[in-house]
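Hi,

Here is the structure I promised to pass on. Have a look at it first, and my notes follow underneath.

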Amino acid sequence: MADATRVGIISNPASRHNSRGGLAAIETVLAAYRAVPHCLARDPDEIENALGKLAATGVTQVVLNGGDGTVQAALTTLALRSPFPQPPQLLVLAGGTSNMTAYGLGSHGRPQRLLQRLLTGALTTTRQRVLIVQETNGATRCGFFFNAGGLPQAVSECNAFRERTPWPGMRSALGTGLWITGRLSRMLWGQAPVTAVPIMLCLDHTASIQHDFLVIVLTTLPRLAFGLTPWWGGGSGALRYTGIRRPARRLPLALPGILRGHPPAWANAAAGYESAAPGTAVLTPDGVYALDGEGYQPPAGTELKVSAGPEFEFLRP
C-alpha cells in the first residue's frame, strides 16, 4: 500500500472527460482516501495556485486530471517557477478530449483505475523531458507537442464544425472523424488537406529558410496518440522534428508511411518532406501555433525558440 499522504490531485472540472462523469468517478475513488488533497482548477492561474497549495501540504506525487492544456499549464509552472522544493512525481490522467500527453506517456487508461493503482502502489515510473517554447519579448510555455503551419487553423476549423453541426454526436470523436475524413478526401482531387503557411525556419543554428508549410511538428515525446511516430530523420538533439511543405508530392501515398516513421524513399526534402532530431528550432510562424492543443497567436514577426527543457518523472502502469 502506498503512502496516500504523499499524493495530491488537481482536477479540471471543465475538461471533456471530467465534465461527462469522469470527475465523479475520481471522487468515488477518493472517498476511501480522505487525507488526499483534491484541488479543482480550470485555467493556468488556478492550476498554479493549486500547485502551490499542494506543495504547502508536503505532497511528493501530483496527479493531473485534465486535458492536454491542463498538463501544459502545470508543466509550465513546475519548470519555470515551481513551488516544490524538489520536483514531484507526476501522474497524467486522460481527463480531456484528445489526451495526447497521456498517450505519449503511456498513462491513457481509465483515470479512476490509474488513480486507484497509484494509491495502492502499483505504478512504475518513466522520465521525460518537456518542450520549452519561448516567444521573443513574450511568453514562455512548456509542454510536449508543438505544431505550426496549416494544422492549428485546421484544428480550429474542426472544433467550429463540431460545435455548429446540429446532428447528434457531432461534439465527440464522431464529429472529429467526419471532419478529418472530409479534409483527407480533398487529396483525391489533388488538393492539400490544410492550407500552407509561409514560415521562416532554422534548425540548430543553420541558415534560416522560408517555405510554405502544411505542418511543422516538434515534440520530445517518443510517440503520439494511437502509437503514431511521424519522424524518421537523424540527429543527436532531444527534439523530434517533421515538416511537410509544398510541393508535398503524392501526399496521399506518402502519409501512411510518414505517420509510422517509415516514409517511401521518394518522400524526401525535394518532394516536400523532411525530418530531423535537432537540439533547437527557431521559427517565425506569422500566425497561429499550438502547444498541446492550446492555440496562440503572437504578434506578426514574433520569433519562437523551441528547445528541450527539464526532465520530469512520470508515473505510468
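To start with the strands: in which sense do S8 and S9 pair, and over how many bridges? Keep in mind while you look that this is a predicted model. The pairing of S8 (residues 197-203) with S9 is antiparallel, and it runs over 5 bridges. One spot to check there is Pro-198, which sits opposite Asp-212 of S9. The two strands make a hairpin, with 5 residues between them. In that turn, Asp-204 has a positive phi of about 50°.

S9 has other partners too. Strand S7 (residues 145-149) is joined to S9 (residues 209-219) by 5 bridges, and these two run antiparallel. Strand S10 (residues 240-245) also pairs with S9 in the antiparallel sense, this time over 6 bridges. A handy residue for following this on screen is Ile-216 in S9: it is the bridge partner of Ala-148, and in S10 its bridge partner is Gly-243.

While you're in that area, click on Val-197, which belongs to strand S8. Leaving out residues up to four places away in sequence, Val-197 touches Gly-149, Gly-150, His-211, Asp-212, Phe-213 and Pro-285. As for Thr-242, its C-alpha atom is 15 Å from that of Val-197, with the two positions 45 residues apart along the chain.

On to the helices. H2 (residues 44-57) packs against H3 (residues 68-81) at an angle of about 55°, and the axes are 9 Å apart. That angle is why the two helices, H2 and H3, count as oblique to each other. Their crossing is right-handed. From H2, the residues in the contact are Pro-44, Ile-47, Glu-48 and Leu-51, while H3 brings Thr-70, Ala-73, Ala-74, Thr-77, Leu-78 and Arg-81. Sorted by class, that makes 6 nonpolar, 2 polar and 2 charged residues in the contact of H2 with H3.

Last, the charged pairs. I get 6 salt bridges in the structure. One of them is formed by Arg-127 and Glu-311, whose closest N and O atoms are 2.7 Å apart. This pair ties together distant parts of the chain, since Arg-127 lies in strand S5 (residues 124-135) and Glu-311 in strand S15 (residues 304-316), 184 residues apart.

Shout if anything is unclear.

Cheers

Notes: Residues are numbered from 1 along each chain as its sequence is written. This is a predicted model: local features need pLDDT of at least 70, side-chain atom pairs count only at pLDDT 80 or more; totals for chains, interfaces and linings use all residues. Side-chain values use heavy atoms; hydrogens and water are left out. Two strands pair if DSSP finds at least two bridges between them. Helices (H or I, at least four residues) and strands (E, at least two) are DSSP runs, numbered from the N terminus. Axes are lines fitted to C-alpha atoms, for helices over the stretch in contact, and angles run from 0 to 180 degrees between N-to-C directions. Angles under 35 degrees count as roughly parallel, over 145 as roughly antiparallel, 65 to 115 as roughly perpendicular and the rest as oblique. A crossing is left-handed if the near helix is turned anticlockwise from the far one by less than a right angle, and right-handed if clockwise. Contact means heavy atoms within 4.5 Å. Ala, Val, Leu, Ile, Met, Phe, Trp, Tyr, Cys and Pro count as nonpolar, Asp, Glu, Lys and Arg as charged, and the others, Gly among them, as polar. A salt bridge is a side-chain nitrogen of Lys or Arg within 4 Å of a carboxyl oxygen of Asp or Glu.
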